[in-house]
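Subject: Structure handover and notes

Hello,

Here is the structure we spoke about. Please look it over before you read my notes.

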Amino acid sequence: MDWLIGSSDARKGAEIARTLVAEHLQRHALEQSAVGPVHQILRDRLPGAFERAGGKPVLLVFDWLQATPVLVVSRVDEPAEVVAEVLADESVPPALRAGVRAWSRGELDTLALPVERSRQQTFAAGPPPIVAPGLDLERQGAAVVAIALATALEAHPSVSASQAASIAGSMIATAGAEQTEISDALSAAETFVRLHNALGSDAHVVAADQDRIEIAVARCPFGTREGQTSALCHVSTGMAGQLAARVRGESLVVLDESVAHGDPECHLQILLGESLGGDVDGQTYFWPPRATSPVAPAPHLDLSVSLPRESVSVPVVRRLAAQALRAFGVDEENVDDVQLAITEACGNVIDHAGETDTYEVKIELAADRCAITVIDQGAGFDATAVPEQAAVDAEMGRGLTLMRALVDNVAFHNEPQAGAVVHMVKQLTYDSDHPLHR
């Protein structure tokens, strides 16, 4: 993010700059409390820098590619009427930044600001490989996002919203690149622009060379300004990262400005190659995609079992789940929680049992999450009538309250030709002494 402050009043200019920088930090900081002390740093340093500018416009170049940001304050000697054309006292659009930075005639101060940016990594080794389900941007338009998200969630029901969006973006990129030869950074960037604009954006390439790509988006295809779901930003980063990884086998994407967080435009920086270096916090992508992390192995397990709707079936599936989790080194307290949650979910099915009906239990263990899905294949219960919170003295519903206490997320719904579905997700911790995690 760059700002151009045109005020000739040093005190007023410094206050405008402090407000702009602090607001940006507030939008993107990992911990909001960390921004408070930075206000004092800005109050102490910026007035002196503006004084040294001698009434000339001041350019602030804010670099947050690394984990913590650096603010460089410089004097600009261009005529006032020229500066006014670049919206003085506001952020400089990404497409104009290279030209405006060339106006800098003297560095006034450099400030290292002790604020950590919010995490952007969704997968340790990039999204896992997944088959794109016949995505066609020309025919399906923006609907490909919904199709890709649904496919990602079906294949990996335990993933978070950001992870699903990252997988979906990678799928769209893979499908869109099938008819395109990506040989260098520029062709990767132009392919991203073509695909992203087909979704309804106005993405354009700011810069592209053998080491880095910069892309800006003012009209986000997933919403406008603040209030939209920021998880969908990972659709864009997934598309950019997966395309760029084809150039040199590896890429790292940093979304340092985002419309979803209140910035005027989205700004993606994509670093290329194996020697990314530095303390850069972003999402890494590989081509071809990797199923697990090269540094920390990520266990993955899919287990599905169909059972008769009889009470004796519950201990069977409970023991199967416990043995699987223990085999992968899941902490014993987490194992107990999952066992009890499965007991309650299966008990719900048994309570509505018909003599010949069966039910199905699916368990997915993926990295640090476990997803449990219980599907009632009989007449089933009415998922739409499940209360959010059962009364303390209620005979029915206390098991549902217990399930919500044991896992991180519980959802109930009915699926055509399947029945009532209980879906639970539990965040896992692992035993560091287990052989897989030493």
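Below are my notes, going from the whole chain to its sheets, cores and helices.

**The chain overall**

Please bear in mind that this is a predicted model. The chain has 438 residues, and 48% of them are buried. Its secondary structure amounts to 12 helices and 15 strands. Many contacts span long stretches of sequence. Taking contacts between residues at least 6 apart, 69% link residues at least 24 apart.

**The sheet from β1 to β5**

One open sheet has five strands, ordered β4-β1-β2-β3-β5, with antiparallel pairing. The edge strands are β4 (90-91) and β5 (104-112); each has a single partner strand, so one side of each has no neighbour in the sheet. Inside the sheet, β1 (residues 2-5) and β2 (residues 58-63) run antiparallel and are joined by four bridges. Ile-5 has Val-58 in β2 as its bridge partner.

What lies across this sheet? Helix α2 (residues 35-52) lies across β1, β2, β3 (70-76) and β5. Its direction is at about 170 degrees to β5.

**The α1/α2 pair**

Helix α2 also packs with α1 (residues 10-28). The two axes come within 9 Å and cross at roughly 150 degrees. Angles over 145 degrees count as roughly antiparallel, so that is how α1 stands to α2. The crossing of α1 and α2 is right-handed.

The contact surface can be read off by residue. On the α1 side, the residues that meet α2 include Ala-10, Gly-13, Ala-14, Ala-17, Val-21 and Leu-25. On the α2 side, those that meet α1 include Val-35, Val-38, Leu-42, Leu-46 and Phe-50. Polar and charged names appear on the list too, among them Arg-18 and Gln-26 in α1, and His-39, Arg-43 and Glu-51 in α2.

**The sheet from β6 to β10**

Another open sheet of five strands has the order β6-β7-β9-β8-β10, and its pairing is antiparallel. Here β6 and β10 are at the edges with a single partner strand each, so one side of each is left without a neighbour in the sheet. On average, neighbouring strands of this sheet are turned by 20 degrees against each other, direction ignored.

Strand by strand, this is how the sheet is put together:

- β6 (residues 204-208) pairs with β7 over four antiparallel bridges. A hairpin of three residues joins β6 to β7. His-204 has Ala-216 in β7 as its bridge partner, and Ala-207 stands opposite Glu-214 in β7.
- β7 and β9 pair over six bridges, antiparallel. Ile-213 is bridged to Ile-270 in β9.
- β8 and β9 run antiparallel and are joined by six bridges. Glu-257 is opposite His-267 in β9.
- β8 and β10 (residues 283-286) also run antiparallel, with four bridges. Ser-251 has Tyr-285 in β10 as its bridge partner.

Strand β8 is mostly covered, with eight of its eight residues buried.

**The cores**

Nonpolar side chains tend to be buried together in soluble globular proteins. The largest nonpolar core in this model holds 47 residues. Which of its members touch the most others? They are Ile-172, Phe-192, Ile-213, Ile-215, Met-239 and Ile-270.

Helices and strands both feed this core. At least two residues come from each of α6 (143-155), α7 (161-176), α8 (185-198) and α9 (233-248). The same holds for β7 (212-217), β8 (250-257) and β9 (266-272). Helix α7 gives the most, with eight residues.

There is a second, separate core of 32 residues. Its members include Leu-307, Val-330, Ala-341 and Ile-342.

Ile-215 is a good place to start looking. Leaving out residues up to four places away in sequence, Ile-215 touches Ala-189, Phe-192, Ala-203, His-204, Val-206, Cys-266, His-267, Leu-268 and Ile-270. Two of the residues in that set turn up in the pairings above: His-204 is bridged to Ala-216, and Ile-270 to Ile-213. Ile-213 and Ile-270 are also among the core members that touch the most others.

Best wishes

How values were computed
Residues are numbered from 1 along each chain as its sequence is written. This is a predicted model: local features need pLDDT of at least 70, side-chain atom pairs count only at pLDDT 80 or more; totals for chains, interfaces and linings use all residues. Side-chain values use heavy atoms; hydrogens and water are left out. A nonpolar core is a set of buried Ala, Val, Leu, Ile, Met, Phe, Trp, Tyr and Cys residues joined through side-chain atoms within 4.5 Å. Buried means under 20% relative accessible area, exposed over 50%, partly exposed in between (1.4 Å probe, protein chains only). Contact means heavy atoms within 4.5 Å. Two strands pair if DSSP finds at least two bridges between them. Axes are lines fitted to C-alpha atoms, for helices over the stretch in contact, and angles run from 0 to 180 degrees between N-to-C directions. Angles under 35 degrees count as roughly parallel, over 145 as roughly antiparallel, 65 to 115 as roughly perpendicular and the rest as oblique. A crossing is left-handed if the near helix is turned anticlockwise from the far one by less than a right angle, and right-handed if clockwise.
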